[in-house]
Amino acid sequence: MIYAKGYRHDETLRKSFCTLANATFGIDFEEWYQKGFWNERYIPHSFVWQGQVVANVSVNLLSLVINGEKKKAIQIGTVMTHPDYRRQGLSARLMNQIVEEYENEYEIMYLFANESVMDFYPRFGFRRVEELQFSADIKPRPAIDRIGLRQLEISRHEDLDFIARFASQRRPVSQRFGTEDSAGIFMFYALYVYGQDLYYLEEEDVIVMYRHENECLHMYDLVSKKEVDLKAIVEKLASVDTTKVVFYFTPEDEGIVTDQTVWDNGLFVRVNGDQLYPVKVNHPLTSIA
């Protein structure tokens with residue numbers, strides 16, 4: 001069995017990786033690669049048997065912005081093993097390899113795990129951390145004409161380029177807690193998850209990823225090159241029936257009074273030295289690998 005990493009331009013290994021990811025998660029990474037969004041910050045670490053990727057743990061190099069300060073971070077993701085090769089300790093070997101290889105290259109290492117593997121990651125020095133989900137009540141208001149709000153179509157080359165440029169130049173969604181250098185992950189969500197929920201708000205010069213469900217406005221992300229007026233954006237997007245907005249990031253606008261609910265999203269954190277992961281925050285949804 002061969003250990004391989006960082007092989008995105010190796011067509012054979014990449015396509016084998018994509019096949020395993022599709023079988024495991026139902027998503028084909030190949031489009032993400034072909035459109036140029038799989039960059040050098042996303043690094044698969046894999047075991048290969050007879051030319052086929054059979055186990056993988058990926059590393060995402062990015063920065064966390066905590067109270068305005070940038071911290072070097074590594075996010076672990078795309079942990080998967082082919083069914084025929086499970087229970088052989090391959091994921092554990094890859095985790096040990098990554099922890100050792102990147103030991104002096106990060107301040108915070110973290111990942112999001114599902115319920116079936118909660119006992120796995122503490123073996124490697126990770127501890128479970130609770131997050132908060134933020135929401136706010138909205139008072140009923142008259143219907144408004146949403147002039148200057150344009151839905152973006154990822155199937156249109158011009159719109160996809162527009163979104164990608166914004167993502168590459170974006171300001172962190174929050175200086176209280178946000179991410180930088182995560183444009184590739186954002187574009188993954190744009191392609192595979194929220195492609196129908198992207199809008200450009202011209203007056204604010206911001207791309208908003210949001211969706212209305214019943215009386216709730218779900219705000220997944222705000223992509224802007226400058227500081228935004230969150231309250232004004234919410235007011236422009238809320239419909240006459242909207243009574244609540246849920247934020248999938250940590251809002252920092254003092255004009256909005258938020259409710260906070262403990263949310264266990266399977267976050268595990270490993271810190272280097274005396275670094276601390278902040279409490280009472282919500283990791284931006286579109287930066288989760």
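This briefing covers the internal spaces, ring contacts, helix α5 and two loop residues of the structure. The model is predicted. It holds 2 cavities of 30 Å³ or more. Its largest pocket has a volume of about 1,200 Å³. The count of aromatic pairs comes to 30.

**Largest pocket**

- The largest pocket measures about 1,200 Å³ in volume. Its lining takes in 38 residues, and those closest to the centre are Phe25, Thr78, Val79, Asn114 and Tyr121.
- Five elements each supply at least two lining residues: α1 (11–25), β4 (69–81), α3 (90–101), β5 (108–112) and α5.
- Strand β4 gives the most to this lining, with 6 residues.
- By class, the lining of the largest pocket has 23 nonpolar, 11 polar and 4 charged residues.

**Threonine 78**

- Threonine 78 is one of the residues closest to the centre of the largest pocket. It belongs to strand β4.
- Is threonine 78 buried or exposed? Its relative accessible area is 11%, and buried means under 20%, so threonine 78 counts as buried.
- The side chain of threonine 78 makes a polar contact with the side chain of tyrosine 42, at 2.6 Å. Tyr42 also helps line the largest cavity.

**Cavities**

- The largest cavity has a volume of about 70 Å³.
- Its lining consists of Trp32, Asn39, Arg41, Tyr42, Asn60, Leu61, Leu62, Asp181, Ser182, Ala183, Gly184 and Ile185. The elements that give two or more residues to it are β3 (52–66) and α5 (183–192).
- The lining of the largest cavity divides into 6 nonpolar, 4 polar and 2 charged residues.
- The second largest cavity encloses about 40 Å³ of space. It is lined by Arg170, Pro172, Val173, Thr179, Asp221, Pro284, Thr286 and Ser287.
- By class, the second largest cavity is lined by 3 nonpolar, 3 polar and 2 charged residues.

**Aromatic pairs**

- The aromatic pairs number 30. One of them joins tryptophan 32 and phenylalanine 188 edge-to-face, with 5.6 Å centre to centre and 90° between the planes.
- Why does this pair tie together parts that are 156 residues apart in sequence? Tryptophan 32 sits in helix α2 (residues 30–34) and phenylalanine 188 in helix α5, so the contact links those two parts.
- Tryptophan 32 is buried, at a relative accessible area of 4%. Phenylalanine 188 is buried too, at 14%.
- Tyrosine 33 and tryptophan 38 also form an edge-to-face pair, with 6.1 Å centre to centre and 85° between the planes. Tyrosine 33 and tryptophan 38 are both buried.
- Tryptophan 32 has a further role in the picture: Trp32 is among the residues lining the largest cavity.

**Charges over rings**

- Tyrosine 33 has a charged neighbour as well as its aromatic partner. The charged end of arginine 14 sits over the ring of tyrosine 33, at 3.8 Å from the ring centre.
- Lysine 225 lies over the face of phenylalanine 166. Here the distance to the ring centre is 4.6 Å.

**Helix α5**

- How many of the 10 residues of α5 are buried? The number is 8, and the helix is mostly covered.
- The buried residues are Gly184, Ile185, Phe186, Met187, Phe188, Tyr189, Ala190 and Leu191.
- Helix α5 gives two or more residues to the lining of the largest cavity. It also supplies at least two residues to the lining of the largest pocket.
- Phenylalanine 188 in helix α5 pairs with tryptophan 32 in helix α2.

**Positive phi outside glycine**

- Asparagine 67 is not a glycine, yet its phi is positive, near 50°. It is placed in the loop between β3 and β4.
- Asparagine 67 has a relative accessible area of 62%; exposed means over 50%, so asparagine 67 is exposed.
- Aspartate 205 likewise has a positive phi, of about 55°, without being a glycine. It is found in the loop between β9 (198–201) and β10 (206–213).
- Aspartate 205 counts as partly exposed, with 26% relative accessibility.

How values were computed: Residues numbered from 1 in each chain as written. Predicted model: local features only at pLDDT ≥ 70, side-chain atom pairs only at ≥ 80, totals over all residues. Heavy atoms only, no water. 1 Å grid on protein atoms, 1.4 Å probe; cavity = no way out; pocket = protein on both sides within 12 Å on 5 of 7 lines; lining within 4 Å. Points joined across faces, edges and corners; volume = space filled by probe spheres on them. Helix = DSSP H or I, 4+ residues; strand = E, 2+ residues; numbered from the N terminus. Nonpolar A, V, L, I, M, F, W, Y, C, P; charged D, E, K, R; others polar. Phe/Tyr/Trp six-rings, centres within 6.5 Å; stacked < 30°, edge-to-face > 60°. Buried < 20%, exposed > 50% of the residue type's maximum accessible area, 1.4 Å probe, protein only. Lys NZ or Arg CZ within 6 Å of the ring centre and 35° of its normal. Polar contact = N/O pair within 3.5 Å; in protein donor to acceptor, adjacent residues only side chain to side chain.
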